[in-house]
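Visitor: I'd like to learn how to read a fold like this one. Could you take me through it, starting with the contacts?

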Amino acid sequence: MKTILMVLPLAAWVITLPTAMVSCADMSGDGIDSVLWSGSINPETSSYRNPVWEPSLAGGTIMKGSSRFVAISAETQWATGLTYHCPAIMSDELSAWSFSQEAFNAPLVSNPSASINSLSADFAKTVANANYWMFYGYDNNTIGAASATYAQGPYTDMGIFLTAQDLGVSTLRDPFFLVASTNFYVCYTTEAGTYIQRVTIRRGRIPTTSGEPILIAGPNFSDIALYRVSSSQVYLFGNVGDEVHYARASNINGPYLDKSGNDVATGSQGEPFITGSEQYIHPENVQRVFPSSTEGLLYVAFNATRADKPFLNSGFERKPLFINPVRLSDDGWFTEVTRPVEGWTSPLYEL
């Protein structure tokens with residue numbers, strides 16, 4: 001297995017914008033114009049560049065580690081012929097990222113030849129010496145589990161958590177792992193829709209299911225993520241066609257409703273949340289939502305596809321990582337639809 005240090009720098013140039021500039025035509029005939037300059041604004045002091053990571057973080061996940069943010073990609077080849085087994089990148093503030101290591105350094109226990117195509121990880125503080133847990137998918141019919149001492153890994157594979165055969169379905173994919181206080185949940189998508197399943201986690205053991213799975217989104221949704229503001233305010237995000245839509249609930253088990261009170265588990269498409277742009281299409285895979293110190297301001301991490309080059313030279317998908325600020329209104333709905341746009345984005349994230 002080869003590990004290559006790859007740091008993709010932000011643009012090296014700096015744009016300077018005038019805050020005020022006054023030009024006065026010379027009326028006395030001495031041929032000299034006067035320019036009054038009152039300073040400049042450096043975008044890097046209040047903004048950051050999107051996408052925050054290129055060339056791709058397809059099928060990935062983001063979590064808050066002990067001191068830094070960690071993002072882990074599904075298996076990829078950023079360079080042709082060099083396979084990265086779930087590469088991990090790190091950041092202090094969500095906007096500038098650097099390569100860390102591969103999250104896996106050994107083949108999967110259950111299937112050494114399998115390639116992880118989706119994953120989700122989170123901090124499970126109550127599991128001593130195995131605080132970080134990951135649920136990963138491969139072959140669109142199997143979800144496995146792994147644990148680590150550090151958010152960036154290396155992760156120890158625990159083996160198979162669930163299979164499509166276990167559930168009596170044809171497909172099983174896109175796990176999303178959520179820690180809510182001392183409770184653990186895994187969401188997954190089948191051809192019948194997306195379910196939430198409570199799980200029991202113990203160090204050194206494969207996680208086990210607890211209770212029955214609950215349908216929280218219909219088959220028009222896929223690859224969902226949950227954001228829990230409080231025990232009575234939870235948001236569901238998921239792919240609907242070529243967009244990301246959302247709904248909200250007063251309980252983590254749902255029902256998740258749109259603005260008209262319709263349940264996304266029974267046909268509603270929810271509310272638009274992220275749509276494509278001219279440069280980047282098919283926004284997807286909401287990885288996590290992070291609150292800011294500014295009231296009502298959140299930051300959403302997701303992928304989008306480069307419209308003019310959807311694949312890397314290696315043949316793997318080109319899905320850069322975007323971090324976009326979004327705002328909740330007083331009534332609990334997002335104030336506008338966001339779009340993946342290349343360039344300066346503001347404001348900077350603050351804890």
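Guide: Sure, and keep in mind that this is a predicted model. Start with sequence separation: of the contacts in the protein with a separation of 6 or more, 52% are between residues 24 or more positions apart.

Visitor: What does the secondary structure of the protein come to?

Guide: Count helices against strands. Here there are 27 strands and one helix.

Visitor: And how do I read burial and surface?

Guide: Burial goes by relative accessible area, with under 20% counting as buried. Of the 351 residues in the protein, 50% are buried. For the surface, look at the total and at which atoms supply it: about 15800 Å² is exposed, with 49% of that from carbon and sulfur atoms.

Visitor: Let's zoom in on one strand. How many residues of E17 are buried?

Guide: Seven of the eight, so to speak a mostly covered strand, spanning residues 183–190.

Visitor: Which strands does E17 pair with, and in what sense?

Guide: Follow the bridges on each side. E17 pairs with E16 (residues 173–180) in the antiparallel sense, over six bridges. With E18 (residues 193–200), E17 also runs antiparallel, and seven bridges join the two.

Visitor: Can you point me to individual partners?

Guide: Toward E16, Tyr185 of E17 is the bridge partner of Leu178. Toward E18, Phe184 stands opposite Val199.

Visitor: What about the turns?

Guide: Check what lies between the paired strands. E16 and E17 form a hairpin with two residues between them, and in that turn Ser181 has a positive phi of about 60 degrees. E17 and E18 form a hairpin too, with two residues between them.

Technical notes
Residues are numbered from 1 along each chain as its sequence is written. This is a predicted model: local features need pLDDT of at least 70, side-chain atom pairs count only at pLDDT 80 or more; totals for chains, interfaces and linings use all residues. Side-chain values use heavy atoms; hydrogens and water are left out. Helices (H or I, at least four residues) and strands (E, at least two) are DSSP runs, numbered from the N terminus. Buried means under 20% relative accessible area, exposed over 50%, partly exposed in between (1.4 Å probe, protein chains only). Contact means heavy atoms within 4.5 Å. Accessible areas come from the Shrake-Rupley method with a 1.4 Å probe; for residues, only the protein chains shown count as cover. Two strands pair if DSSP finds at least two bridges between them.
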